[in-house]
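Dear colleague,

I am passing a structure on to you with this message, and I would be glad if you could open it before you read further. My notes on what was found in it follow below.

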Amino acid sequence: MTELSGVLGRIPAAERGETRIADRVVAKIAAQAAKEAIDEPPKEGASPRATVTVQRDTARVRVSLELGYPTDIGRQCGAVRRRVIERVRALAGMEVPEVAVQVERLHPAGASAAAQGRIR
C-alpha cells in the first residue's frame, strides 16, 4: 500500500474534494430544457437562451425565448419553469429556487407564408 492510498483510505470521500459545474454548463442545460418544453417553437425564432447564477448547490436561472402566436403564454412559461427545474436538478444536482422566463418575441402563425406571398 502506498502512502497516498493509505491517506485516501482515512479521509472520507465527501471530504477529498468537490465537483464544480461551471455556470455556462448549467446555462446550456437550462436552455436545452426550455427548448424541450416549448410546444411548437416558431420556425424562424431563435433558440432559447439562459443565464445562471450559481452559489454552492443553488442555481438561479433566467431564460429568454421566443414563442409562436397565438399561444397560451402563461402555460408555456410554466412548462418551461418546470422543465428547467427538473433537468438542472437531475443533471447538475442543483436546486433551482427561481426561474425567470422572459418572452422576447411572438411569431405569428403563417407570417412567413404571408411574407412570401407578397414577394411573388
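**Salt bridges and a hairpin**

In helix α3, E86 and R83 are three residues apart, which means that about one helical turn separates them. Please keep in mind while reading that the model is a predicted one.

These two residues form a salt bridge, in which the closest N and O atoms are 2.7 Å apart. Neither partner falls under the 20% relative accessible area that would make it buried: E86 is partly exposed, with a relative accessible area of 42%, and R83 also counts as partly exposed, at 25%.

How many salt bridges does the structure hold? There are six, and besides the pair just described I would point you to two others. R89 and E95 meet through their side chains in a salt bridge with an N to O distance of 3.2 Å. There is also a network, in which salt bridges that share partners join E36, R83 and E86. As for the surroundings of the R89 and E95 pair, R89 is partly exposed with a relative accessible area of 41%, and E95 is partly exposed with a relative accessible area of 44%.

The other pair is R75 with D39, whose closest N and O atoms are 2.7 Å apart. This pair links distant parts of the chain, since R75 lies in helix α3 (residues 73–92) while D39 lies in the loop between α2 (23–37) and β1, and the two are 36 residues apart. R75 is partly exposed, with a relative accessible area of 41%, and D39 is partly exposed as well, with a relative accessible area of 45%.

Let me now turn to the strands. In a regular strand the side chains alternate between the two faces of the sheet. Which side chains of strand β1 (residues 49–55) are buried, and which are not? A50, V52 and V54 point to one face and are buried, whereas R49, T51, T53 and Q55 point to the other face and are not buried.

Strand β1 is joined by seven bridges to strand β2 (residues 58–69), and the two strands run antiparallel. If you follow this pairing in the model, you will find T51 standing opposite R62 in β2. Together β1 and β2 form a hairpin with two residues between them, and in the turn R56 has a positive phi of about 55°.

With kind regards

Key. Residues are numbered from 1 along each chain as its sequence is written. This is a predicted model: local features need pLDDT of at least 70, side-chain atom pairs count only at pLDDT 80 or more; totals for chains, interfaces and linings use all residues. Side-chain values use heavy atoms; hydrogens and water are left out. Buried means under 20% relative accessible area, exposed over 50%, partly exposed in between (1.4 Å probe, protein chains only). Helices (H or I, at least four residues) and strands (E, at least two) are DSSP runs, numbered from the N terminus. Two strands pair if DSSP finds at least two bridges between them. A salt bridge is a side-chain nitrogen of Lys or Arg within 4 Å of a carboxyl oxygen of Asp or Glu.
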